[in-house]
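Student: I would like to learn how to read a structural model with some care, going from the overall fold to single residues. Could we work through one together?

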Amino acid sequence: MTCTIIVGGNFGDEGKGKIVSHVAHQDCPTIITRGGVGPNAGHTVMVGEKKFGVRMCPSGFVYPDARLMIGTGVLVDPRVLKQEIDVLGVKGRIFLDNRCAIIEESHIQEDKTNTHLSKKVGSTGTGCGPANRDRAMRVAKLARDIPELNEYLVDVPREVNTALDKGENVVIEGTQGFGISLYFGSYPYVTSKDTCAAQMAADNGVGPTRVDDVIVVFKAFPTRVGEGPFSTEMTSKLAHEIGIQEFGTVTGRERRIGNWDSEMARYAAMVNGCTQAAITGIDHVDPTCFGATEFSQLSKTAKDFLKQAEEDIGAPITLISTGPELSQIIDIRAEYE
Ligand code: GTP
Ligand code: IMP
Ligand code: MG
């Protein structure tokens, strides 16, 4: 029985979606459940030629044998959710907690027009900040108040804890990243909630004593979208020269690119209680590593980078992503069991 939490160690978009999907295929969880803020997240999952961008459904949906859940703490936009359920064909195996708070059209309008949110913070305009405010004010609607959601409602903490009691594997999927945590990030340029492992457990009603593994996902070249400090940022010209250009899954904004940040990695690993780390984008450190599936296929440049990163993080790097596609990964978790 393992309860594994997967979270981001940079500013979001580390490639958690891909790591979750891989871990799900390897560990065969009976439940993959989401924590995090809400539909401001955009997880990309690439299987073969097919590319999916999900905002509400857990990105582990590509593993067909798990039930998919959205934890109590997560904000739900019913329109986004229903559209994803249709497009991904996950009806019958997706559920949400009856107490999830609801994003309404008015929240989205406010997020897009409020100057502080849209201009200063650079929010995603998905209504999350205003909806979390209304939840704190205790005026937000909950999922149980929305008749169209009735068929999907469950008690997520009960489902997850029961699965763990039965000795089943559960994956808790985080969204966003350490640097945009409301508590630990670069306030006020942050999202409307904490983004660390403890929050992901709390979002799903899982107590700290039940968590076995915290996998923190770092990006070899971290990215940031929206406003706020980014100490290792490089110019977009330089980023393009080394072959990196990324656009946000939700907003389409160009992501700012930076170099590896040792200090941030160490601090994020500490606050998350990192037991293992995943590094994505090793193919950007050395393009000859693209698609590698064995550690021995990595170049000296890549291995040197990983050695330094591991020292910074203070926990073993057990997952190394070598490209965007699901199968492009080196998984050495078994060596550390
Ligand atoms: P949030 O929950 O929004 O923080 O997103 P996320 O962590 O799931 O990441 P997202 O999918 O938004 O961004 C990661 C991007 O990197 C996607 O375009 C992935 O397809 C891509 N990606 C993931 N792993 C790798 C990798 O190892 N190499 C390369 N080149 N791209 C990768
Ligand atoms: P909000 O969460 O929409 O209020 O946005 C607040 C800040 O967090 C902005 O800088 C966003 O760009 C950033 N942000 C929110 N969600 C994500 C995400 O999933 N990935 C990356 N950045 C995010
Ligand atoms: Mg994203």
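**From the fold to the metal site**

Tutor: Let us begin with the contacts, bearing in mind that this is a predicted model. Among contacts in the chain between residues at least 6 apart in sequence, 76% join residues at least 24 apart.

Student: How many helices and strands does the chain have?

Tutor: The chain holds eleven helices and 14 strands, and its C-alpha atoms fill a box of roughly 55 × 50 × 35 Å along the principal axes.

Student: What does the radius of gyration say about the chain?

Tutor: The general idea is to set the value against the one for a compact globule, which for 337 residues would be near 20 Å; the chain has 19 Å, and the two therefore agree. Burial can be read beside this, since buried residues, those under 20% relative accessible area, make up 57% of the 337 residues. The accessible surface comes to about 14000 Å², of which 51% belongs to carbon and sulfur atoms.

Student: How many positive and negative side chains are there, and how far apart are the centres of the two sets?

Tutor: There are 35 positive and 44 negative side chains in the chain, and the centres of the two sets lie 5 Å apart.

Student: Which protein donors does the magnesium ion have?

Tutor: To read a metal site, one lists the donor atoms and then asks where in the fold they sit. For the magnesium ion (ligand 3), the protein donors are D13, through OD, and G42, through O, lying 2.0 to 2.1 Å from the ion. D13 belongs to the loop between β1 (3-8) and α1 (16-27), whereas G42 belongs to the loop between β2 (31-34) and β3 (43-47), so the pair ties together parts that are 29 residues apart in sequence. Water is not among the atoms, so sites may look incomplete.

Student: Is G42 buried or exposed?

Tutor: G42 is buried, with a relative accessible area of 16%. By contrast, G314, in the loop between α11 (300-313) and β13 (317-321), is exposed, with a relative accessible area of 67%.

Student: Where does R266 lie with respect to G314?

Tutor: Although 48 residues separate G314 and R266 along the chain, their C-alpha atoms are 7.0 Å apart.

Student: And with what is E110 in contact?

Tutor: E110 lies in helix α3 (residues 105-113) and is partly exposed, at 25% relative accessible area. Leaving aside its neighbours within four places in sequence, E110 is in contact with P130 and R133. G185, 75 residues from E110 in sequence, is 23 Å away in space, C-alpha to C-alpha.

Methods: Residues numbered from 1 in each chain as written. Chains lettered and ligands numbered in written order. Predicted model: local features only at pLDDT ≥ 70, side-chain atom pairs only at ≥ 80, totals over all residues. Heavy atoms only, no water. Donors = N, O, S within 2.8 Å, 3.2 Å for Na, K, Ca; no water. Helix = DSSP H or I, 4+ residues; strand = E, 2+ residues; numbered from the N terminus. Buried < 20%, exposed > 50% of the residue type's maximum accessible area, 1.4 Å probe, protein only. Rg over C-alpha atoms; globule rule 2.2 N^0.38 Å. Contact = heavy atoms within 4.5 Å. Areas by Shrake-Rupley, 256 points an atom, 1.4 Å probe, with all protein chains shown as cover. Lys, Arg positive; Asp, Glu negative; His and termini not counted. Charge placed at Lys NZ, Arg CZ, Asp CG, Glu CD.
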